[in-house]
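Trainee: Could you walk me through the charged pairs and the nonpolar core of this protein? I'd like to practise reasoning from a structure.

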Amino acid sequence: MRRPRKYESGEAKQYITRRAALRKLQLSLNDFRRLCIIKGVYPREPKHRRRAQKGSSDIKILYHAKDIRFLLHEPIVWTLRDYKIFAKKTGRDRAIKDFRNLKRRLAQYPELKIDHIVKERYPTFIDAIKDLDDCLTLLFLFSTFPSLRLIPRDQSALCRRLTIEFLHYIIASKSLRKVFISIKGFYFQADIKGQKVTWIVPHYYPFKPHSKEEVDFKVMSIFVEFYSIMLGFANYRLYHSQNLAYPPQFPVGVLKDSEETLNDESSFISDRIAALNFELERTDKIAEDEDDNVIDLELLEQDGDSRRILKMKKEAQEIARLKSLFKGLKFFINREVPREPLVILLRSFGARVSWDSTVFSGATFDESDETITHQIVDRPSLNKQYISRDYIQPQWVFDCVNKRQLLPTSKYFIGVVLPPHLSPFVEPNRDAYIPPEEIHDPANIEVHEQSDEESPENDVEPVNSEVSQNFMDFQLEKAYQEENAEVDQFVESVHEEKSEDGIEENKEKNSKANEKEKRRLHEKKNMSVESGKICKEDKRLLRKNKVDEHRLQARMVKPRHRNLFRKLIREKQVKEKEEWLLKKKRRLIDQKDKEAKKAYKKTKA
C-alpha cells in the first residue's frame, strides 16, 4: 500500500481555491459569481487555513471541493458558456457588417431558466417562506430605483409588481403583526403559515446617483434575478391559499407601464400606492370567514397544561381583535404624509383610506366627506377643520397596531409633542437599557400567574397590600406576647407545687420534668415568629465580593479558553458602558425638560 503524500488527504483535499474552481468549470469570474449566487454556493472558512491552502500562508478565497463538483452537473453552466459563444459570433457579424445573420442570431438569444434551482433550494413551501426576509427587503429596495445603467427599468417594474402582489396578500389575509419606524425605513412583520416574516420598506427620497461606485449593483441585480423568480412562486401559492385570482386584476389605468409613467418618477410611485387601495377579485366570490383561525381548545386540553392553553387562547383573542382593529373607520391622509405604509396598515385591519384626488390617483372619497372619522396630518396647524373627525399624527396608527388596541387620540393631536415610539421587536426582559416609558407601560408589567391549586379567594388587592401586611405583623406580635405570658404562669405554678412537696424523690422527678419543660419551651420560643429588621447592604462589600468572584472565575478558566473568556468579559463591559451612557443621556434630557417647564411657568406667571 502506497503511503499518502503530504496534502493529499484531509483539509487540503476538502477545499479548493477560486482560481482552481474557475479552471475546472471553464467559466469567467463574472459567470462563476453569478452561478454561485443562484445556486447558493458561498466561500468557506477552514479551521486550519495553512493546511487547506497546502502550506501557503496567503489569504485565498476557498470553496468546498464537493460544492464545485456539484456545480459541474448544473445545466445552466452550458447556458453561461453559450453566452460567451453568442457574444463572439455577434461580435464577428458586427465586424463584417453581416446584419442579416446578426438579426437571426439575436432572435436565438440563449435564455437562462432558474425555475428548477428555486425548487431545488426550497423543497417545501415553508422553506421558501422562512427565507423571504432578505428577498422582500431587496425587492422593495429595487422597486423604488429609477432606470440606471446596471438596473434596467424592466427589472424595477417587475420588483414593483411582485411586491404589490405580496402586499395585497398581506392585506387580504390580515397577517400583519408588528410595525416600526426607523431611520432605515419601515419595519413590517407578518405571520405567514405560522412563520414570522420581517422586511423593510425604505423611505421614499428622490434618487441621487453616487459619484463613486461604492455599491456593486451588478451583484445585487443577480440576487434580484433569483429572488424575483422565488417571490413569483410564493405569491402564486399564497394567492391560491386565500382563494384569490392570480395574477391580480387591477382597475384600468393602474399599473399600466407606459413611457410616460416609466419616465416620470412621481407618477411611478403614485401608481404603486394607488394599486394598494383596491379590492382583489376572488375565485370563490365569498368572503373568507374571520373566525376560521380560532384555536381548537378541545385538542389542547389533552395536554393537561392549563397555563399554556390559557396563554394560547389569550394570544388568539388578541390577534382576532387586532384583525378588526380599524373596522368601520374612515381615514383621510393629507398630502404631506407618507401614504404607502399607512395604506398597508389601515387596509390590513379593516379601515377605508383615501387622499387628495387632485394630487394623487387612486382616491376613493373626498376630504369633504362627513363620514370620515380620522384625518392624518403631519403639520403644526390646519386652516380648515371639521368637528366630526379627529385630527391625528401618523404615529397614532403605528402605536395602535403595536399595542393591539385603539389608543386615546389626545396625545397625538396636531402640534402636540408625541410620546416615544417604542420598538415592538425587542424583548421586555433583555439585558440592556430599557426606557422608562417601556418600564411603566402596563402591557409590559409582569403579572403573577396563579397556579391551579391556588383559589381566587387568596388574591389580595395590591393597593391595600402594605396595610394588610402591617396588620398581620401586629397580630403575630400580640399572639407571641400572650403565649409568653401563659408560659410564665405555667412555670410559676410548677414552682409552687415544688415547695409544697417535701419528698426528695419527688424533687428529682420534678427537676427532670422541669428540664424537659424548659427544653420544650426553649424550642417553642425559637420557632416563634418575630418582626423583621431592615439590614443595610454594604455597597463596598458587595463590590469587593463581585471582584473576588470574577477573579476566581478567571483562575478556573483553562489556558486554551482564556482568549474566549476575555472576549466575553470585554463584550459585557461594552454593553454596560452603552447602558450607562444611555441612562446618562436620558437623565440630561429629563433635566433639560424640567428646566424648560420651570422657565415656561415663570414667564407665564
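Trainee: How many salt bridges does a search of the whole structure find?

Mentor: Good place to start! Keep in mind that this is a predicted model. Side chains of opposite charge can pair when their charged atoms come close. Searching the whole structure for such salt bridges gives a total of 19.

Trainee: In the salt bridge of E165 and R161, which residue is buried?

Mentor: These two side chains meet with N to O at 2.6 Å. They are four residues apart in helix α11 (residues 153-173), so about one helical turn separates them. R161 has a relative accessible area of 36%, which makes this residue partly exposed. At 1% relative accessibility, the buried one is E165.

Trainee: And R44 with D67: what is the N to O distance in their salt bridge?

Mentor: This pair links distant parts of the chain, 23 residues apart. R44 sits in the loop between α3 (29-39) and α4 (49-52), while D67 belongs to helix α5 (residues 65-72). R44 is partly exposed at 37% relative accessibility, whereas D67 is buried at 14%. Their side chains meet, N to O, at 4.0 Å.

Trainee: Is E45 buried or exposed?

Mentor: E45 forms a salt bridge with R49, and their closest N and O atoms are 2.9 Å apart. R49 has a relative accessible area of 18%, under the 20% cut-off, so R49 is buried. For E45 the value is 60%, over the 50% cut-off, so E45 is exposed.

Trainee: Which helix gives the most to the largest nonpolar core?

Mentor: That core has 94 residues, and W199 and F326 have the most contacts inside it. The top contribution is 11 residues, and it comes from helix α12 (residues 217-241).

Technical notes
Residues numbered from 1 in each chain as written. Predicted model: local features only at pLDDT ≥ 70, side-chain atom pairs only at ≥ 80, totals over all residues. Heavy atoms only, no water. Core = buried A, V, L, I, M, F, W, Y, C linked by side-chain atoms within 4.5 Å. Buried < 20%, exposed > 50% of the residue type's maximum accessible area, 1.4 Å probe, protein only. Helix = DSSP H or I, 4+ residues; strand = E, 2+ residues; numbered from the N terminus.
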